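Grab a pencil and open the structure viewer. Here are a few short exercises, each with a worked solution.

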Amino acid sequence: MCGRFVSTRSPQDLASVFDVTRWDPDRALDPSWNVAPTDDVWSVLERVERETGEITRQLRALRWGLVPSWAKSLNTGAKMINARAETVAEKPAYRRAFAKRRCLLPADGFYEWQTVAATKTAKARKQPYFISPEDGQVMALAGLYEFWRDPAVEDDSTPGAWWATCTIITTEAIDAAGRVHPRMPLAVAPADWSAWLDPAHQDPDELRALLATPASGHLGARAVSTAVNKVRNNGPHLLDEPAADTGNA
């Protein structure tokens, strides 16, 4: 699975990298070295403009944790941060989004954990690893998004009436990621961004063929500070080398 990742690039940088044509310059997200479920994250998606019928590529903030349109509660999203590539086109919670509402979720890299056994001087602990492209390029993680209407809010125009949420598609891990954890997020290669984002492109087999191993398998994995284990911790120091074998989280 992918349960935490790093996203530090500015919206201006992301708009340039992904050829975004529409985004709100007043909407800002702080750089995060510890993105966690239910956080707002940057996404790149394409939507049809109601007034003109034109398809625009947009940079939007989405809540991580997909909430299907039929869900009764926003809390459903906390359990739906990942969708398995093997079943995403058939699962009721994801199949409509897979057909029509696909997105890219920019990331610097992601975290996975390994259990370190206890020693005479330290207790057992979860050791985090930061996994990222060796060339430092942005990862365009394959994602899906949905819109959810909160039935508790009467007026459509009231803040909180509508929520836009997302999930990350995962697969079996290989290379550096596979040495740390059996699952990893999928990515979309730059040459396939347009085909993946196009809402008119709905052939399941063709869409699955666009999903790729991040960085074409050229990933690096290194142990980092156990401070990342606590969601409230944030900052570039989370990518520091781990401290001595103390067992502290």
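One thing before you start: this is a predicted model.

**Exercise 1.** Find where Ser-216 sits and decide whether it is buried or exposed.

*Solution.* Start with the place: Ser-216 is in the loop that links β14 (211–212) to β15 (219–223). Next, look at the relative accessible area, which is 66% for Ser-216. Exposed means over 50%, so Ser-216 counts as exposed.

**Exercise 2.** Work out what is unusual about the phi angles of Ser-216 and Thr-38.

*Solution.* First, recall the general rule: most residues other than glycine have a negative phi. Now check Ser-216: it isn't a glycine, yet its phi is positive, about 55°. Then check Thr-38, also not a glycine, with a positive phi of about 80°. To place Thr-38, look in the loop between β3 (32–35) and β4 (40–48). Its relative accessible area is 34%. That value falls between the 20% and 50% cut-offs, so Thr-38 is partly exposed.

**Exercise 3.** Describe the surroundings of Val-188.

*Solution.* Begin with the strand: Val-188 belongs to β13, residues 187–188. Its relative accessibility is 3%. Buried means under 20%, so Val-188 is buried. Now list the neighbors, skipping residues up to four places away in sequence: Val-188 touches Leu-104, Ala-140, Ala-142, Trp-193, Trp-196, Leu-210 and Leu-211. Finally, compare sequence and space: Val-188 and Leu-105 are 83 residues apart along the chain, while their C-alpha atoms are 9.9 Å apart.

Conventions. Residues numbered from 1 in each chain as written. Predicted model: local features only at pLDDT ≥ 70, side-chain atom pairs only at ≥ 80, totals over all residues. Heavy atoms only, no water. Helix = DSSP H or I, 4+ residues; strand = E, 2+ residues; numbered from the N terminus. Buried < 20%, exposed > 50% of the residue type's maximum accessible area, 1.4 Å probe, protein only. Contact = heavy atoms within 4.5 Å.
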